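Student: I am new to this structure and would be grateful for a close look at a single part of it. Please choose one contact, describe it with care, and then place it in its surroundings.

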Amino acid sequence: MKIIRFWKSACWFILILSITFLPGSTGTRIRLFIHADKIIHLLLFLIFTLLLISDAKRFFESSLIKKEIITTVILTGVLTGLITELVQFFLIVDRSGTFGDLLADIGGIATGFFIYKIVGDRFRS
């Protein structure tokens, strides 16, 4: 099955859900500095984007980043960010989904594409 080619991004997706769906009262809240959570959101979605690009390239059997890959990665990333923030806002105890967190998620997606463009071009044959 071709869908198995998404195993890396699927594992990271499960990690994102595990982290974002923990109740806030479990003691997982670590205060490093103000807005450190935004950096964590950005990094989670940056890595998610790079894994999605890699997996999607294999799925679409392409060595180049095409419109289908860009669309798949952006939609998957933004929907994941939106759903996690909505679930946190409405369903998770002591957690708050915020627009700022969603913007950090989208920033991670954009940064992932930027890094891929810089690094990916160097390793393309």
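Tutor: Let us take helix α2 (residues 36-59) and helix α3 (residues 67-90), whose axes come within 9 Å and cross at roughly 145 degrees. This is a predicted model, in which local features need pLDDT of at least 70 and side-chain atom pairs count only at pLDDT 80 or more, while totals for chains, interfaces and linings use all residues. Residues are numbered from 1 along each chain as its sequence is written, and side-chain values use heavy atoms, with hydrogens and water left out.

Two packed helices are described by the angle between their axes and the distance between the axes. An axis here is a line fitted to C-alpha atoms, for helices over the stretch in contact, and angles run from 0 to 180 degrees between N-to-C directions. Helices (DSSP runs of H or I, at least four residues) and strands (runs of E, at least two) are numbered from the N terminus. The crossing of α2 and α3 is right-handed; that is, the near helix is turned clockwise from the far one by less than a right angle, whereas anticlockwise would be left-handed.

On the α2 side, the residues that meet α3 are H41, F45, F48, T49, L52, I53, A56 and K57. Their partners in α3 are I69, V73, T76, G77, T80, G81 and E85. By class, the residues of this contact divide into 7 nonpolar, 6 polar and 2 charged. In this scheme Ala, Val, Leu, Ile, Met, Phe, Trp, Tyr, Cys and Pro count as nonpolar, Asp, Glu, Lys and Arg as charged, and the others, Gly among them, as polar. Contact means heavy atoms within 4.5 Å.

Helix α3 itself has 24 residues and reaches 34 Å from its first C-alpha to its last, close to the 34 Å expected at 1.5 Å a residue; the expected span is 1.5 Å times one less than the number of residues. Its buried residues are I69, V73, G77, T80, G81, T84, E85, V87 and Q88. Buried means under 20% relative accessible area, exposed over 50%, and partly exposed in between (1.4 Å probe, protein chains only).

T80 deserves particular attention. T80 is found in helix α3 and is buried because its relative accessible area is 6%. Leaving aside neighbours within four places in sequence, T80 is in contact with F13, I16, F45 and F48.

One of these partners, I16, leads to helix α1 (residues 7-20), which has 14 residues. The buried residues of α1 are S9, I16 and T20. They cover an arc of only 20 degrees around the axis, so they lie on the same side of α1; the arc is that of the directions from the helix axis to the C-beta atoms. What covers these buried residues includes α2 and α3. The face of α1 turned away from the buried side carries the exposed residues W7 and I14.

Beyond α3, the loop between α3 and α4 holds D94. Although D94 is not a glycine, it has a positive phi of about 60 degrees. L103 is placed in helix α4 (residues 99-123), and it lies 8.7 Å from L42, C-alpha to C-alpha, with their positions 61 residues apart in sequence.

Finally, the whole chain. The protein chain has 4 helices and 0 strands, and 31% of its 125 residues count as buried.
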